[in-house]
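Reader: Could you take me through one part of this model at close range? I would like to hear about a place where two helices pack, and then about any enclosed space.

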Amino acid sequence: VLFLYGPMAIAKVRHEDLDDYGFHAEPVARGLAYAGVAIGIIFPIFCVGYFAFYETACGSQLLVHLVPRGMCSHYAGLHGVHAPTLTLEFAKFCAVQLLVVALPEELFFRGCLLRLLEQKFPPRRRILGGGVGLALVISAAMFALIHLPKDGDPRALATFFPGLLFGWMRSATGSILGSTITHGGSNILIYVLDRPVPR
(Lines give C-alpha, C1' and ligand atoms only; values in the text may rest on other atoms or scores of the structure.)
Protein backbone atom coordinates (compact mmCIF):
# COMPACT_ATOMS: atom_id res chain seq x y z
CA VAL A 1 0.00 0.00 0.00
CA LEU A 2 2.85 2.37 0.90
CA PHE A 3 4.63 1.69 -2.39
CA LEU A 4 1.44 2.36 -4.34
CA TYR A 5 0.00 5.34 -2.49
CA GLY A 6 3.34 6.95 -1.60
CA PRO A 7 4.10 7.94 -5.21
CA MET A 8 0.49 9.10 -5.64
CA ALA A 9 0.84 11.43 -2.65
CA ILE A 10 4.25 12.69 -3.80
CA ALA A 11 2.91 13.32 -7.30
CA LYS A 12 -0.01 15.30 -5.87
CA VAL A 13 2.25 17.46 -3.69
CA ARG A 14 4.63 18.11 -6.60
CA HIS A 15 1.76 18.73 -9.05
CA GLU A 16 2.90 15.82 -11.16
CA ASP A 17 1.22 12.74 -12.54
CA LEU A 18 2.00 9.03 -12.15
CA ASP A 19 2.76 9.11 -15.86
CA ASP A 20 5.82 11.20 -14.92
CA TYR A 21 6.95 8.25 -12.79
CA GLY A 22 6.86 5.77 -15.66
CA PHE A 23 3.40 4.44 -14.82
CA HIS A 24 2.54 3.74 -18.45
CA ALA A 25 3.20 0.94 -20.88
CA GLU A 26 4.63 2.97 -23.75
CA PRO A 27 6.95 2.23 -25.42
CA VAL A 28 5.43 -1.26 -25.21
CA ALA A 29 7.68 -2.97 -27.77
CA ARG A 30 10.84 -1.57 -26.19
CA GLY A 31 9.73 -2.44 -22.66
CA LEU A 32 8.87 -6.01 -23.67
CA ALA A 33 12.14 -6.34 -25.60
CA TYR A 34 14.20 -5.17 -22.61
CA ALA A 35 12.32 -7.56 -20.32
CA GLY A 36 12.80 -10.44 -22.78
CA VAL A 37 16.54 -9.82 -23.16
CA ALA A 38 17.00 -9.41 -19.39
CA ILE A 39 15.10 -12.62 -18.65
CA GLY A 40 16.97 -14.49 -21.40
CA ILE A 41 20.39 -13.45 -20.07
CA ILE A 42 19.93 -13.07 -16.32
CA PHE A 43 17.69 -16.05 -15.50
CA PRO A 44 20.11 -18.74 -16.79
CA ILE A 45 23.01 -17.05 -14.94
CA PHE A 46 20.90 -16.91 -11.77
CA CYS A 47 19.97 -20.60 -12.11
CA VAL A 48 23.63 -21.61 -12.44
CA GLY A 49 24.48 -19.58 -9.32
CA TYR A 50 21.48 -20.97 -7.46
CA PHE A 51 22.44 -24.61 -8.06
CA ALA A 52 26.15 -23.94 -7.43
CA PHE A 53 25.30 -22.33 -4.09
CA TYR A 54 22.99 -25.08 -2.84
CA GLU A 55 25.21 -27.92 -4.13
CA THR A 56 28.14 -26.42 -2.23
CA ALA A 57 26.35 -25.22 0.92
CA CYS A 58 24.11 -28.27 1.44
CA GLY A 59 27.14 -30.55 1.12
CA SER A 60 29.22 -28.66 3.69
CA GLN A 61 28.80 -28.76 7.45
CA LEU A 62 30.32 -25.28 7.66
CA LEU A 63 28.34 -23.57 4.89
CA VAL A 64 24.99 -25.28 5.54
CA HIS A 65 24.27 -22.53 8.10
CA LEU A 66 24.01 -20.06 5.21
CA VAL A 67 21.01 -21.92 3.80
CA PRO A 68 17.45 -21.07 4.90
CA ARG A 69 16.17 -23.51 7.51
CA GLY A 70 14.80 -26.72 5.99
CA MET A 71 15.92 -25.89 2.44
CA CYS A 72 18.60 -28.58 2.20
CA SER A 73 16.12 -31.25 3.30
CA HIS A 74 14.00 -30.73 0.20
CA TYR A 75 16.71 -29.53 -2.20
CA ALA A 76 17.13 -32.21 -4.87
CA GLY A 77 19.44 -30.48 -7.32
CA LEU A 78 18.74 -29.98 -10.98
CA HIS A 79 16.82 -33.27 -11.16
CA GLY A 80 14.40 -31.99 -8.53
CA VAL A 81 13.31 -28.99 -10.60
CA HIS A 82 9.91 -29.50 -12.13
CA ALA A 83 7.47 -27.27 -13.91
CA PRO A 84 4.69 -26.04 -11.67
CA THR A 85 1.26 -27.48 -12.22
CA LEU A 86 -0.78 -24.90 -14.09
CA THR A 87 -3.54 -24.47 -11.55
CA LEU A 88 -5.70 -21.53 -10.58
CA GLU A 89 -3.62 -21.27 -7.41
CA PHE A 90 -0.39 -20.87 -9.42
CA ALA A 91 -2.06 -18.35 -11.75
CA LYS A 92 -3.12 -16.33 -8.68
CA PHE A 93 0.43 -16.48 -7.31
CA CYS A 94 1.81 -15.16 -10.63
CA ALA A 95 -0.79 -12.38 -10.75
CA VAL A 96 0.04 -11.36 -7.18
CA GLN A 97 3.76 -11.28 -7.93
CA LEU A 98 3.23 -9.07 -10.97
CA LEU A 99 0.43 -6.77 -9.82
CA VAL A 100 0.64 -6.68 -6.02
CA VAL A 101 4.39 -7.07 -5.44
CA ALA A 102 6.38 -6.03 -8.52
CA LEU A 103 4.19 -3.21 -9.87
CA PRO A 104 3.95 -1.15 -6.63
CA GLU A 105 7.64 -1.71 -5.82
CA GLU A 106 8.65 -0.64 -9.33
CA LEU A 107 6.39 2.41 -9.17
CA PHE A 108 7.94 3.46 -5.87
CA PHE A 109 11.62 2.59 -6.29
CA ARG A 110 12.14 3.02 -10.03
CA GLY A 111 9.28 5.27 -11.03
CA CYS A 112 9.19 7.78 -8.19
CA LEU A 113 12.38 7.45 -6.12
CA LEU A 114 14.79 7.00 -9.02
CA ARG A 115 13.24 9.92 -10.90
CA LEU A 116 13.55 12.23 -7.89
CA LEU A 117 17.11 11.07 -7.25
CA GLU A 118 18.06 11.60 -10.90
CA GLN A 119 16.82 15.18 -10.62
CA LYS A 120 19.14 15.68 -7.64
CA PHE A 121 22.02 13.56 -8.99
CA PRO A 122 21.78 13.45 -12.80
CA PRO A 123 23.39 10.35 -14.32
CA ARG A 124 26.99 10.92 -15.33
CA ARG A 125 26.76 8.50 -18.21
CA ARG A 126 24.24 6.54 -20.21
CA ILE A 127 24.56 2.94 -21.37
CA LEU A 128 22.14 2.00 -24.14
CA GLY A 129 19.96 4.93 -23.08
CA GLY A 130 19.81 4.05 -19.36
CA GLY A 131 21.30 6.46 -16.85
CA VAL A 132 24.13 5.15 -14.68
CA GLY A 133 25.19 7.12 -11.64
CA LEU A 134 24.69 7.84 -7.97
CA ALA A 135 20.89 7.99 -8.24
CA LEU A 136 20.78 4.45 -9.63
CA VAL A 137 23.05 3.13 -6.86
CA ILE A 138 21.08 4.85 -4.06
CA SER A 139 17.71 3.61 -5.34
CA ALA A 140 19.05 0.04 -5.68
CA ALA A 141 20.54 0.21 -2.16
CA MET A 142 17.22 1.35 -0.70
CA PHE A 143 15.44 -1.43 -2.60
CA ALA A 144 17.84 -3.96 -1.04
CA LEU A 145 17.47 -2.54 2.48
CA ILE A 146 13.68 -2.73 2.35
CA HIS A 147 13.96 -6.50 1.76
CA LEU A 148 16.07 -7.08 4.88
CA PRO A 149 13.31 -6.97 7.54
CA LYS A 150 11.22 -9.60 5.70
CA ASP A 151 13.24 -12.60 6.96
CA GLY A 152 16.20 -10.89 8.60
CA ASP A 153 18.34 -12.80 6.11
CA PRO A 154 21.38 -10.76 5.01
CA ARG A 155 21.26 -12.51 1.62
CA ALA A 156 18.24 -10.31 0.91
CA LEU A 157 20.76 -7.52 0.33
CA ALA A 158 21.64 -9.27 -2.93
CA THR A 159 18.46 -7.66 -4.32
CA PHE A 160 20.73 -4.63 -4.80
CA PHE A 161 21.94 -6.12 -8.09
CA PRO A 162 18.54 -6.69 -9.70
CA GLY A 163 17.66 -3.22 -8.37
CA LEU A 164 20.43 -1.80 -10.56
CA LEU A 165 19.06 -3.66 -13.58
CA PHE A 166 15.46 -2.63 -12.94
CA GLY A 167 16.48 1.01 -12.47
CA TRP A 168 18.54 1.01 -15.64
CA MET A 169 15.60 -0.48 -17.57
CA ARG A 170 13.24 2.21 -16.29
CA SER A 171 15.74 4.94 -17.16
CA ALA A 172 16.34 3.52 -20.63
CA THR A 173 12.67 3.12 -21.56
CA GLY A 174 10.97 5.84 -19.50
CA SER A 175 8.47 3.20 -18.35
CA ILE A 176 8.26 0.68 -15.51
CA LEU A 177 6.78 -1.96 -17.85
CA GLY A 178 10.01 -3.86 -18.54
CA SER A 179 11.27 -3.71 -14.97
CA THR A 180 7.88 -4.83 -13.59
CA ILE A 181 7.78 -7.88 -15.88
CA THR A 182 11.39 -8.81 -15.07
CA HIS A 183 10.85 -8.23 -11.33
CA GLY A 184 7.68 -10.33 -11.21
CA GLY A 185 9.30 -13.01 -13.37
CA SER A 186 12.27 -13.16 -10.98
CA ASN A 187 9.96 -13.76 -8.01
CA ILE A 188 8.14 -16.50 -9.91
CA LEU A 189 11.45 -18.13 -10.91
CA ILE A 190 12.63 -18.27 -7.29
CA TYR A 191 9.30 -19.79 -6.25
CA VAL A 192 9.62 -22.50 -8.92
CA LEU A 193 13.23 -23.28 -7.94
CA ASP A 194 12.48 -23.35 -4.20
CA ARG A 195 9.46 -25.65 -4.40
CA PRO A 196 9.91 -29.03 -2.71
CA VAL A 197 10.04 -32.09 -4.93
CA PRO A 198 6.57 -33.71 -5.01
CA ARG A 199 6.39 -36.96 -3.08
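Author: Happy to; what follows looks at one helix pair and then at the largest cavity. Please keep in mind that this is a predicted model.

Let us start with the helices. Two packed helices are described by the angle between their axes and the distance between the axes. Here the pair is α4, residues 88-120, and α6, residues 160-173; they pack at an angle of about 70°, and their axes lie 10 Å apart. Because angles of 65 to 115 degrees count as roughly perpendicular, α4 is roughly perpendicular to α6. The crossing of α4 past α6 is right-handed.

Which residues meet there? On the α4 side they are Glu 106, Arg 110, Gly 111, Leu 114, Arg 115 and Glu 118, and their partners in α6 are Gly 163, Phe 166, Gly 167, Arg 170 and Ser 171. Sorted by class, this contact of α4 with α6 has five charged, four polar and two nonpolar residues.

Now for the enclosed space. The count gives one cavity of 30 Å³ or more, and the largest cavity holds about 80 Å³ of space. Its lining is made up of 14 residues, with Tyr 75, Ala 76, Gly 77, Leu 193 and Arg 195 the closest to its centre. Helices α2 (28-58), α3 (71-74) and α7 (177-194) each supply at least two residues of that lining, and α7 gives the most, with three residues. By class, the lining of the largest cavity has nine nonpolar residues, three polar and two charged.

How values were computed: Residues numbered from 1 in each chain as written. Predicted model: local features only at pLDDT ≥ 70, side-chain atom pairs only at ≥ 80, totals over all residues. Heavy atoms only, no water. Axes fitted to C-alpha atoms, helices over the stretch in contact; angles between N-to-C directions. Helix = DSSP H or I, 4+ residues; strand = E, 2+ residues; numbered from the N terminus. Parallel < 35°, antiparallel > 145°, perpendicular 65-115°, else oblique. Left-handed = near helix turned anticlockwise from the far one by under 90°. Contact = heavy atoms within 4.5 Å. Nonpolar A, V, L, I, M, F, W, Y, C, P; charged D, E, K, R; others polar. 1 Å grid on protein atoms, 1.4 Å probe; cavity = no way out; pocket = protein on both sides within 12 Å on 5 of 7 lines; lining within 4 Å. Points joined across faces, edges and corners; volume = space filled by probe spheres on them.
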